[in-house]
Amino acid sequence: MKKILYILLLLFFLIFLLKGCLKQDKGYDAPSKFSDARPLDIVEYNVVPSITKTINGVDFMVARGNDGKFGGDFVVSTIGEGPKTFNPFNTNDATSSQLSEIMYDGLLTTDAYTGDVTLKMAKRFEVLPDNLSYIVELRHGLKWSDGYDITADDVMFTYNDIIFAGFGNTSSRDAMLIDGKLPTIEKIDKYTVKFKTPAPFAPFLRNLSIPIAPKHIFKPAVDKGREYFNGFQSTTTKPSDFVVSGAFKLKEYIPAQRVVYERNPNYYVIDKQDRKLPYLDRYVVLIVGDLNNDILKFEAGETDTTTIPGAMVSRYRELEKKSDYTLYNLGPTTNTAFVVFNMNPRKNKKGDFYLDPKKQVWFNDSNFRSAIDWAIDRDSLVLNVLSGVGQPLYTAESLSSLYLNEDIAKGHGQDIEYAKKLLEKSGFKLKDGKLYDKNGIRVEFELSTNAGNTQREATGVSIKEDLAKLGIKVNFKPVEFNTLVNRLTNTLDFEAAIMSLTGNPLEPHSGNNVWQSHGTLHLFNQRTENDLKSSDKILPYELELNKIFDEAKIQIDAQKRKELYNKYQKVVADNNLLIYLYSPVNIVAVRNKFKNIYPTPYGGVSHNIEEIYIEK
């Protein structure tokens, strides 16, 4: 059964890759809107399998890239205000996740070249014939950065005492629940554990990419309780206190300026000459306020790679001829940009509504949300915001997903008159160019996004203009990113927002925490922990999504899973739970002095950071 599943997944992947290559050969998918677009093909690599080599009792992973040279820094950037925590189990935003997880490896990972599940800290795994049991054996002889052995006890502690116990962000735990039950984990010997799921669980292996925690460091924090754990390994923690398994360890953090990592001398990856990697001395992340500063840093030579905004792709193509960088096309991003309305009808602990009751009525009206969907000019957004380097997006799955519902992805154009008819069905009336609800209240709401992201800010201005054609007054207000995330997931005091989530094109179950009613990123109707304990009413489409995701995760047959995930995308689209906008093409630039640079759609530029080196 396992072999059949892998063959089907591989078939889906090859079909997707072929389609992607053919599409990109035409030049950015929209040449009529990007007049000087020239083909920038997706790069394909001849990749050799990773192998394990045992030296003096240590099971090293042998790097797949070429042997390189030691020394130097690789400098990248992140937009916004920087991380909120370095605890990989307590992150609620992409920046914190990326900057913490670079220090911690999991048992398995996704192969950046093929999309397959592959080994990381584990040297082998086995799925038993019952399709419930999984044997995972750690590489022998691995060390934490402080010299302690990495053993099955660390794995047991991570899953039982952090993940399954619900410490920190519970998304990982929630993603593994089957009919309210969690997998069990049993220690076989010093390096081997056995997981068992309550029922066949198709995404289980991908869940084994969760970082493994050093028990001797994290246990005292867990013993002190959840409140203490939530502040553990915060941004004020001394770098010397971090004990890690990844290629790099925190060396310095200067708020709003930079995060500096240094090589972990105990890392378990070696090159073909048996030399311990990484090659680089330091991995540096500059914290830049916005996209413009990001580009300026790259052009000034302060960073070594950057993502090129659509409006600048043409210019960078010309400059590339005489530059010190190369451009790479990674295909459609896995990001899904959308508008979310706060549909929360509940009250907070103080007894106050999270949202103005009259706006609850608007936002929970399917005709209202559908009207917004039809009023947005996505073609204009692609042309003006992305400069034609992208496509309109109508689905909950990214355009790079193996599970994309092609029928939903076709979408529709802007139709203001049809949008007006939808509003009329719910009693909205247009008078003197202004829209009023059936109670005579002017329709006006606040639309937020993260300040400094110039693409989203331009998107907000465009949507404000589109909705003005319906008589709706939109007060567009960019706010600081961490503030916005807090409003969306914690205080719930927002009206509407433009956001983006990063999906997994190989496994829709990674979006479980967005679509199931109890999910920690169920943004359109977010429930607090207090709400989940109450007799909270679950709406019909939420019940349907709960059922679909519960069925899909225990469905082993790949085609039946595809049908279920097609269905969830239809539920989301029919109800406009999130209103999707566009999908950019991911174009990155990397300095030519760096070698072993193999950017991929699934791994980006630095998926093999331990192999990257400088040609001196």
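Which residue just after helix 20 takes a positive phi? In this predicted model, that residue is Asn576, with phi at about 50°. Helix 20 itself covers residues 558-575 and makes a handy length check: at 1.5 Å a residue, its 18 residues should span 26 Å, and the end C-alpha atoms do turn out to be 26 Å apart, so expectation and model agree. At the start of the helix, Asp557 gets involved, with a side-chain oxygen that comes to within 3.1 Å of the backbone nitrogen of Gln559. The buried residues of helix 20 are Ala558, Arg561, Lys562, Leu564, Tyr565, Tyr568, Gln569, Val571, Val572 and Asn575. As background for reading that list, an α-helix has 3.6 residues a turn, so residues three or four places apart point the same way.

On to the cores. In soluble globular proteins, nonpolar side chains tend to be buried together. Here the largest nonpolar core takes in 84 residues, and the members that touch the most others are Leu107, Tyr159, Ile162, Phe195 and Tyr261. Helix 3 (residues 152-163) supplies the largest share of this core, with 7 residues. A second core of 73 residues lies apart from that one, and its members include Leu404, Leu423, Leu488 and Leu564. Leu564 has already come up as one of the buried residues of helix 20. Back in the largest core, Ile162 reaches, beyond residues up to four places away in sequence, to Phe89, Phe157, Phe167, Ala213, Phe218, Val222 and Phe229.

Several of those names return among the aromatic rings. The model holds 39 aromatic pairs. In one of them, Phe195 and Phe204 have ring centres 5.5 Å apart and planes at 65°; since that angle is over 60 degrees, the pair counts as edge-to-face. Both Phe195 and Phe204 are buried. Elsewhere, ring pairs tie Phe89, Tyr104, Phe167, Phe218, Tyr228, Phe229 and Phe232 into a cluster. One ring of that cluster also has a charge over it: the charged end of Arg226 sits over Phe167, 4.6 Å from the ring centre. Another arginine, Arg591, lies over the face of Phe298, at 3.9 Å from the centre of the ring.

Next come some backbone oddities. Most residues other than glycine have a negative phi, and most peptide bonds are trans. Ser387 goes the other way, with a positive phi near 55°. Ser387 belongs to the loop between helix 12 (378-384) and strand 17 (390-392), and its relative accessible area of 16% makes it buried. Leu492, not a glycine either, has a positive phi of about 60°. The loop that holds Leu492 runs between helix 16 (481-491) and strand 22 (496-502). With a relative accessible area of 1%, Leu492 is buried. As for peptide bonds, the one joining Leu277 and Pro278 is cis, with omega at about 10°. Pro278 sits in the loop between strand 12 and strand 13 (282-288).

Both partners of that cis bond are also in contact with Asn264. Asn264 lies in the loop between strand 11 (258-263) and strand 12 (269-270), and it counts as buried because its relative accessibility is 1%. Beyond its neighbours within four places in sequence, Asn264 also touches Ser145, Val244, Ser245, Gly246, Ala247 and Phe248. With Gly246 there is a polar approach: a polar atom of the Asn264 side chain lies 2.9 Å from the Gly246 backbone oxygen.

His216, in helix 6 (residues 215-223), is partly exposed, with a relative accessible area of 29%. Its contacts, leaving aside neighbours within four places in sequence, are Trp144, Asp146, Tyr148 and Val243. The side chains of His216 and Asp146 are joined by a polar contact of 2.8 Å. Asp154, 62 residues away along the chain from His216, has its C-alpha atom 8.3 Å from that of the histidine.

Finally, Ile55 is found in strand 1 (residues 51-55) and is partly exposed, at 23% relative accessible area. Neighbours within four places aside, Ile55 is in contact with Phe60, Ile270 and Asp274. Between the C-alpha atoms of Ile55 and Asn546, which are 491 residues apart along the chain, the separation is 48 Å.

Note on methods. Residues numbered from 1 in each chain as written. Predicted model: local features only at pLDDT ≥ 70, side-chain atom pairs only at ≥ 80, totals over all residues. Heavy atoms only, no water. Core = buried A, V, L, I, M, F, W, Y, C linked by side-chain atoms within 4.5 Å. Buried < 20%, exposed > 50% of the residue type's maximum accessible area, 1.4 Å probe, protein only. Helix = DSSP H or I, 4+ residues; strand = E, 2+ residues; numbered from the N terminus. Contact = heavy atoms within 4.5 Å. Expected span 1.5 Å × (residues − 1). Polar contact = N/O pair within 3.5 Å; in protein donor to acceptor, adjacent residues only side chain to side chain. Phe/Tyr/Trp six-rings, centres within 6.5 Å; stacked < 30°, edge-to-face > 60°. Lys NZ or Arg CZ within 6 Å of the ring centre and 35° of its normal.
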